[in-house]
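Student: Could you walk me through this structure, one question at a time?
Tutor: Gladly! Let's look at it together.

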Amino acid sequence: SEWLKLERLPKAFRLCPQVRAASMAAMDAPSKVASKASVVTSDAVEVPHEASKSTDLDSASSTGFDSGSASSSEESVTEVAPAAKCSAPDSAFYLERVGEAGEELPVSGAWLYNSAVRPVPLPSVCLKLLILPVFWFLSVLFHRQQRNFMMDWKVPGEPGQEVTLARTLPGAWQVAINAACVVLLSGYAMSAYIFHQKILDNVLNPLFTPRTHTRHVAISVLMFAIGIGSSFFLTENWVPAAAGLFMFFGYAICGRTIQSSSSGRGQIGLGPSRSQDDVGMSFHTHGPCPESGVQQGKCVKATLLGGELAVGQAGGELRFARVQLDPFAVADDAVLVEISPSGACTYRGPCGRANIFRLDCLLVLLLSFGFHLPQFIIGGGGFNQCAGVVELVVSLIYIPVGYTCFAVFGFRVGLTCRWSMMVVLVLCLWPVINLVLGGKGCATLTDLVSQAFLPQIWDPHATTFQFNRGFATCTESAYAVGGETLLVASTTIAAWVHIMSNFSFLFGFLSGMSQMAFSKAEVQKVSIA
C-alpha cells in the first residue's frame with residue numbers, strides 16, 4: 001500500500017572511527033557534539049545534525065546524539081564514563097523521557113507494527129461470517145442464564161423499570177423512524193468494524209502513540225482519568241461507564257511506549273541503545289560501524305514475526321522481530337530489522353512496548369476495573385441501564401475506537417508472545433468477561449428487535465408505548481428530549497458497543513491459538529548485529 005511505501009527508511013549515516021575522527025577535526029568545541037555538530041557521511045559529505053532529525057524509523061538509530069553517548073573519536077570514547085546500569089527495564093514504572101523536551105520520537109515502527117504484524121494467518125471474511133451467528137447464539141444463551149441467576153439471587157441493582165408514555169408522532173412514521181434507527185446505527189457499527197484498519201492507520205496510531213513525549217504524557221493522563229472516572233458510574237449509567245473503561249483498556253493494549261534512546265541492548269525495543277558497550281552495533285544510536293566488525297557477544301537474539309513489509313534501505317527484507325533477552329521479562333518488546341540476502345540482520349528501528357506492560361497502566365487498571373469488577377459484572381447482566389443522550393453519544397464515540405483496538409489485539413498483536421496472551425487470559429478473564437459483554441450486547445439488540453423492551457416498536461396503530469429497559473427516571477428524561485426515537489436509537493447503539501469487539505477477542509484469540517497449536521511452521525531465530 002501507499003502507506004507502507006512511505007515507511008521506507010532513508011540511508012543510515014555511518015559513524016565509524018575514521019568518520020568520527022574527520023568530523024572531530026572540523027568541530028570547534030567537543031562539548032557541542034550532541035547539539036550543533038555536523039555529521040560527516042562516508043562519502044565525505046557534511047550533513048547538519050539539525051537537518052538529520054526525522055520522524056522515520058532510523059531517526060534515533062542513525063543520527064541520535066545525547067550526553068551519555070559515545071564521542072566522535074576513538075580517543076574520546078575511553079574518556080567518557082560508562083553508562084549507568086538500570087535496576088529496572090526502561091519505562092517499566094512510568095513513561096520515561098530521554099533526550100530533549102521537544103524531540104520527536106521514532107514512532108513509525110510502532111505504527112507499522114500495529115498495522116502490519118501477522119504472527120498467525122488471519123481468518124477469512126467468509127469464516128468470520130460463519131462464526132458470527134454461532135457467537136451470537138452462545139452469547140445470548142450465556143446472558144439469559146446470567147440474568148436469570150442474578151434475578152433469582154436478587155443481586156443488588158435495577159433490572160429495568162417499565163414506563164408507559166404517549167407517542168408524539170403518527171404510528172406509521174414512528175415505526176419507519178424506529179426501523180431506520182436500527183438499520184443505520186447497526187450499519188455504523190459494522191462499518192467501524194470493516195474499516196478498522198483505516199481507523200487505526202489514520203486516527204488511533206497517531207493518537208495513542210504520539211510523536212513527542214509531551215503528547216505521550218498528555219494522552220496517558222487523559223486515558224487514566226477516563227478509566228478511573230468511568231468506574232464510579234457503573235451503578236448509575238452502565239453502558240457509558242463500561243465504554244470509558246474499555247476506551248482506557250484499548251489505549252493500554254494498542255498504544256505503544258517509545259523512547260528516543262534506551263539504556264542498553266536489552267531495551268532496544270523501546271529505542272536504539274545509547275550505551276557505550278554497544279558502540280559499533282546497528283542498534284546503537286550512532287548506527288553500525290563496519291570497521292569494528294561484528295562482535296558476537298553484543299548481538300541481540302530475536303524471533304522473527306510474520307507481516308508484509310516493504311523492501312529495506314539496503315535491498316533486504318524488512319521484518320518484525322520480538323526481542324527478549326530475559327525470558328522472564330514481562331513485555332512484548334519488538335523491533336524492525338532488515339534481513340540481507342547474505343542472512344545478516346540489521347536493526348532498523350524500535351516497535352515499542354504495549355502500554356499495558358507499564359506499571360502505571362496496570363495500577364490504573366486495578367483501581368478502575370479491578371476494584372469495581374462486581375458492579376461491572378452486574379451491569380453486564382442488563383442491570384443499571386440508562387437510555388438517553390449520554391449513552392447515545394458515548395457509544396457513538398467508543399465504537400470506532402473499541403472495535404479497532406480489540407480487532408487489532410484479538411486477531412494479531414495479542415498473539416505475538418506469551419505475555420500478550422496472558423493479558424487476554426488473565427487481565428481480561430478470557431472468555432468469561434467476553435461472554436458477559438458479548439451476551440449483553442447481542443441480547444440487548446435481540447430484545448429490542450423482538451419487542452421485549454418496547455412491545456409497540458413495530459406497531460403502527462399504537463398511540464402509547466411501554467419501555468422497560470433501565471431506570472424509569474432515565475427513560476422519562478430521554479423521552480422529554482427525543483421521544484421514542486431517542487430511546488430506540490440509544491438502545492440500538494448501546495447494544496452494539498460490546499458485540500464486535502468481544503467477537504474479536506473470543507474468535508480471534510481462539511483462532512490464533514488453534515493455528516499456533518497445530519502449525520508446523522518453524523520458529524525463525526536471528527541475531528541482530
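Student: How are α7 and α16 oriented to each other, roughly perpendicular or roughly parallel?
Tutor: This is a predicted model, in which local features need pLDDT of at least 70, side-chain atom pairs count only at pLDDT 80 or more, and totals for chains, interfaces and linings use all residues. Residues are numbered from 1 along each chain as its sequence is written, and side-chain values use heavy atoms, with hydrogens and water left out. The two helices pack at an angle of about 95°, with axes 7 Å apart; axes are lines fitted to C-alpha atoms, for helices over the stretch in contact, and angles run from 0 to 180 degrees between N-to-C directions. Angles under 35 degrees count as roughly parallel, over 145 as roughly antiparallel, 65 to 115 as roughly perpendicular and the rest as oblique, so α7 and α16 are roughly perpendicular.

Student: By class, how many nonpolar, polar and charged residues does the contact of α7 with α16 have?
Tutor: Contact means heavy atoms within 4.5 Å. On the α7 side the residues include Phe-135, Trp-136 and Arg-144, and on the α16 side they include Leu-435, Lys-440 and Cys-442. Ala, Val, Leu, Ile, Met, Phe, Trp, Tyr, Cys and Pro count as nonpolar, Asp, Glu, Lys and Arg as charged, and the others, Gly among them, as polar. Sorted that way, the contact has nine nonpolar, six polar and three charged residues.

Student: How many helices and strands are there in the chain?
Tutor: Both kinds of element are DSSP runs, numbered from the N terminus: helices are H or I with at least four residues, and strands are E with at least two. Counted like this, the chain has 18 helices and ten strands.

Student: What share of the residues in the chain is buried?
Tutor: Buried means under 20% relative accessible area, exposed over 50%, and partly exposed in between, using a 1.4 Å probe and protein chains only. Two cysteines show the contrast: Cys-126 is exposed at 56%, while Cys-442 is buried at 0%. Over the 529 residues in the chain, the buried share is 56%.

Student: Which cysteines form a disulfide?
Tutor: A disulfide is a pair of cysteine sulfur atoms within 2.5 Å, and the structure holds one. Its sulfur atoms are 1.9 Å apart, and with -95° about the S-S bond the link is left-handed. The partners are Cys-386 and Cys-474.

Student: How many residues apart in sequence are the parts that Cys-386 and Cys-474 tie together?
Tutor: Cys-386 is buried, at 13% relative accessibility, and Cys-474 is buried too, at 12%. Cys-386 sits in the loop between α13 (373–380) and α14 (389–411), whereas Cys-474 belongs to helix α17 (residues 472–496), so the pair ties together parts whose separation in sequence is 88 residues.

Student: Which helices do the buried residues of α13 pack against?
Tutor: Start with the buried residues themselves: Phe-376, Ile-378, Gly-379 and Gly-380. After this helix comes Gly-382, with a positive phi near 95°. The packing partners of those buried residues are α7 (125–152), α11 (238–254), α12 (359–370) and α16 (432–449).

Student: Why is strand β7 described as largely enclosed by the rest of the structure?
Tutor: Look at the two ways its residues point: Ala-334, Leu-336 and Glu-338 go one way, and Val-335, Val-337 and Ile-339 go the other, and all are buried. Strand β7 (residues 334–339) is largely enclosed because the number of its six residues that are buried is six.

Student: In β8, which residue is the bridge partner of Val-335?
Tutor: Two strands pair if DSSP finds at least two bridges between them. Strand β6 (residues 317–323) pairs with β7 in the antiparallel sense over six bridges, and there Ala-321 stands opposite Val-335. β7 also runs antiparallel to strand β8 (residues 345–354), joined by six bridges. In β8, the partner of Val-335 is Pro-350.

Student: Which residue in the turn between β7 and β8 has a positive phi?
Tutor: These two strands form a hairpin, with five residues between them. The residue in the turn with a positive phi, about 100°, is Gly-343.

Student: Leaving aside neighbours within four places in sequence, which residues is Ala-462 in contact with?
Tutor: Ala-462 lies in the loop between α16 and β9 (464–467), and at 13% relative accessibility Ala-462 counts as buried. Its C-alpha atom is 9.9 Å from that of Gln-174, and these two residues are 288 residues apart along the chain. With the sequence neighbours set aside, the contacts of Ala-462 are Arg-167 and Gln-456.
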